[in-house]
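Me: Can you walk me through this protein? I have the model open and some questions about the fold.

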Amino acid sequence: MKMITLIQMAGMFLVPLLAVLIPIYIGQRYGMHRSKKTEDMQHTPVGTVVGSTFGLLAFMLAFTFQIVTNRYDTRKELLVDEVTNIRTTYLRAGLIPQPYSRESRKLLVEYVDLRVDLSGDLSQLGSVKARSLQILDTLWKYSEKLGELDRSSENYALFISSVNDLVENYNQRITMAFEFRIPVVILWALVIITFFSMLALGYQFGISGRGSFRINLILGIVFAVVMFLIIALDRPETGLAQVNQKPMFTLQHQLHSMQTSKSH
């Protein structure tokens with residue numbers, strides 16, 4: 001898993017870097033070739049084109065970065081909501097009769113343990129999702145049985161409502177963290193704009209004779225770092241930009257302490 005992560009990290013950085021360096025080099029070589037054939041290049045509006053394309057590129061980068069940061073903030077909010085819902089469901093389980101109360105609390109403790117384990121090893125994602133769904137389905141079956149026992153009970157209604165909130169929160173977190181991605185059309189637009197922006201810049205360097213490998217490399221690194229951050233925020237499964245799981249760790253400690261105190 002560590003080797004795969006390293007390969008992913010290298011690809012996330014090197015691909016944007018090459019996406020800058022290659023078109024700059026091509027444009028620069030072509031610009032140098034054109035400058036040798038045409039003596040008067042002063043009236044060529046290359047600078048205006050470069051400024052326009054870079055302005056559009058900056059807009060697209062800002063737009064894309066805004067999307068991923070908004071989703072990152074949403075994932076943080078959903079984590080806090082899930083911690084609150086789990087704790088509320090655990091407490092309200094004390095309002096329902098045995099054995100549903102005892103079994104529900106055991107399942108909720110396991111549910112939290114799964115979340116904590118996943119934060120340390122994302123390779124368990126498939127098994128954690130499968131077991132989480134089993135736990136939620138079991139809790140909902142308990143809710144159905146409680147509803148059959150007494151549909152007018154306020155205590156039962158509180159527990160059922162908490163389970164429903166927990167299921168809804170799970171679906172939102174899974175969708176937001178592992179299914180929603182930057183639209184492919186935006187990525188393609190970003191790639192195309194980047195290519196032609198760097199091509200135009202390289203051409204300007206070529207006809208002016210002011211370009212250098214150091215400048216190209218610095219520009220490539222800056223762009224690669226920004227793209228690396230965007231991809232890391234967009235794909236939390238890489239583990240590079242995970243939401244701080246401290247609220248879940250705290251909840252795990254609290255629930256285990258409550259379980260231990262009840263067993264004594």
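Reply: Sure, terms to begin with: helices (H or I, at least four residues) and strands (E, at least two) are DSSP runs, numbered from the N terminus. This is a predicted model, where local features need pLDDT of at least 70, side-chain atom pairs count only at pLDDT 80 or more, and totals for chains, interfaces and linings use all residues. Residues are numbered from 1 along each chain as its sequence is written, and side-chain values use heavy atoms, with hydrogens and water left out.

Me: OK, how many helices and strands are there in the protein?
Reply: The protein has 8 helices and 0 strands.

Me: And is it spread out or compact?
Reply: More spread out than a compact globule, because its radius of gyration (over C-alpha atoms) is 27 Å, well over the 18 Å that the globule rule (2.2 Å times the number of residues to the power 0.38) gives for 264 residues. Its C-alpha atoms fill a box of roughly 90 × 35 × 25 Å along the principal axes.

Me: How much of the protein is buried?
Reply: Buried residues (under 20% relative accessible area, 1.4 Å probe, protein chains only) make up 40% of the 264.

Me: Switching to α7, what does it span?
Reply: Helix α7 covers residues 213–234, and its 22 residues reach 31 Å from first C-alpha to last, close to the 32 Å expected at 1.5 Å a residue (1.5 Å times one less than the number of residues).

Me: Which residues of α7 are buried?
Reply: N216, G220, F223, A224, M227, I230, A232, L233 and D234.

Key: Buried < 20%, exposed > 50% of the residue type's maximum accessible area, 1.4 Å probe, protein only.
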